[in-house]
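Reader: Please take me closely through one part of this model, the pocket and the residues around it, and connect that part to the rest of the fold as you go.

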Amino acid sequence: MGLHEGAVAPDFSLPGVQVKDGYARRKTYTLSAERGHPVVLAFYPGDESATCTAQLCSYSEKLADFTELGAQVWAIGLQDLRSHETFAIKDEV
């Protein structure tokens, strides 16, 4: 199944974590809840891997640019929430 330009992306929901000021907040992210707002999906290979760190740092460095455009960046990896939370808290400090 391929998508073409202008097609509506299929809906999905995923558990996630957002870290702010050293505190983690877990929630479920649902793509259809963001309909009408840009969402950047950044798929990455694994928490704590060199590739992951470099890739997500490039997004972090440009986060203000995405925010200015009204876009959210969702980083999606295969690990569990505990792994994402640990990685995100470490990255924030």
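Author: In this predicted model, the largest pocket is lined by 32 residues, and those nearest its centre are V17, Q18, V73, W74 and A75. Its volume comes to about 1,100 Å³. Several elements give two or more residues to this lining, namely the strands β1 (13-20), β2 (23-30) and β4 (72-76) together with the helices α1 (50-61), α2 (63-68) and α3 (81-92). The largest share belongs to β1, which provides seven residues. Sorted by chemical character, the lining of the largest pocket holds 18 nonpolar residues, eight polar ones and six charged ones.

W74, one of the residues nearest the centre of the pocket, deserves a closer look for its aromatic partners. A search of the whole structure turns up two aromatic pairs. A pair of aromatic rings is described by the distance of the centres and the angle of the planes. In one of the pairs, F12 meets W74 edge-to-face, with 6.2 Å from centre to centre and 85° between the planes. Because F12 sits in the segment before β1 while W74 belongs to strand β4, this pair ties together parts that are 62 residues apart in sequence. F12 is partly exposed, its relative accessible area being 24%, whereas W74, at 7% relative accessibility, counts as buried.

The other contact of this kind joins Y29 to W74, again as an edge-to-face pair, here with 5.4 Å between the centres and 65° between the planes. Y29 lies in strand β2 and W74 in strand β4, so this pair links parts that are 45 residues apart in sequence. Y29 and W74 are both buried. Taken together, F12, Y29 and W74 make up one aromatic cluster, with W74 taking part in the pair with F12 and in the pair with Y29.

The strands β1 and β2, both of which contribute to the lining of the largest pocket, are also paired with each other, in the antiparallel sense and over eight bridges. Within this pairing, G16 stands opposite K27 in β2. The two strands form a hairpin that leaves two residues between them, and D21, which lies in the turn, has a positive phi of about 55°.

The segment before β1, where F12 is found, also holds L3. With a relative accessibility of 54%, L3 counts as exposed. Apart from its neighbours within four places in sequence, L3 is in contact with V8, A9 and P10.

To set this part within the whole, the protein chain contains three helices and four strands, and along the sequence these follow the pattern β-β-β-α-α-β-α. Of the 93 residues in the protein chain, 22% are buried, and W74 and Y29 are among the buried ones. When contacts with a separation of 6 or more are considered across the protein chain, 58% of them are between residues 24 or more positions apart. The aromatic pairs add two particular links across the sequence, for F12 and W74 connect parts 62 residues apart, and Y29 and W74 connect parts 45 residues apart.

Definitions and conventions
Residues are numbered from 1 along each chain as its sequence is written. This is a predicted model: local features need pLDDT of at least 70, side-chain atom pairs count only at pLDDT 80 or more; totals for chains, interfaces and linings use all residues. Side-chain values use heavy atoms; hydrogens and water are left out. On a 1 Å grid over the protein atoms alone, a cavity is a set of points where a 1.4 Å probe fits but cannot get out, and a pocket is an open set with protein on both sides within 12 Å along at least five of seven lines; lining residues have an atom within 4 Å of a point. Grid points are joined across faces, edges and corners, and a volume is the space filled by probe spheres set on the points. Ala, Val, Leu, Ile, Met, Phe, Trp, Tyr, Cys and Pro count as nonpolar, Asp, Glu, Lys and Arg as charged, and the others, Gly among them, as polar. Rings of Phe, Tyr and Trp (its six-membered ring) pair if their centres lie within 6.5 Å; planes under 30 degrees apart count as stacked, over 60 as edge-to-face and the rest as tilted. Buried means under 20% relative accessible area, exposed over 50%, partly exposed in between (1.4 Å probe, protein chains only). Contact means heavy atoms within 4.5 Å. Two strands pair if DSSP finds at least two bridges between them.
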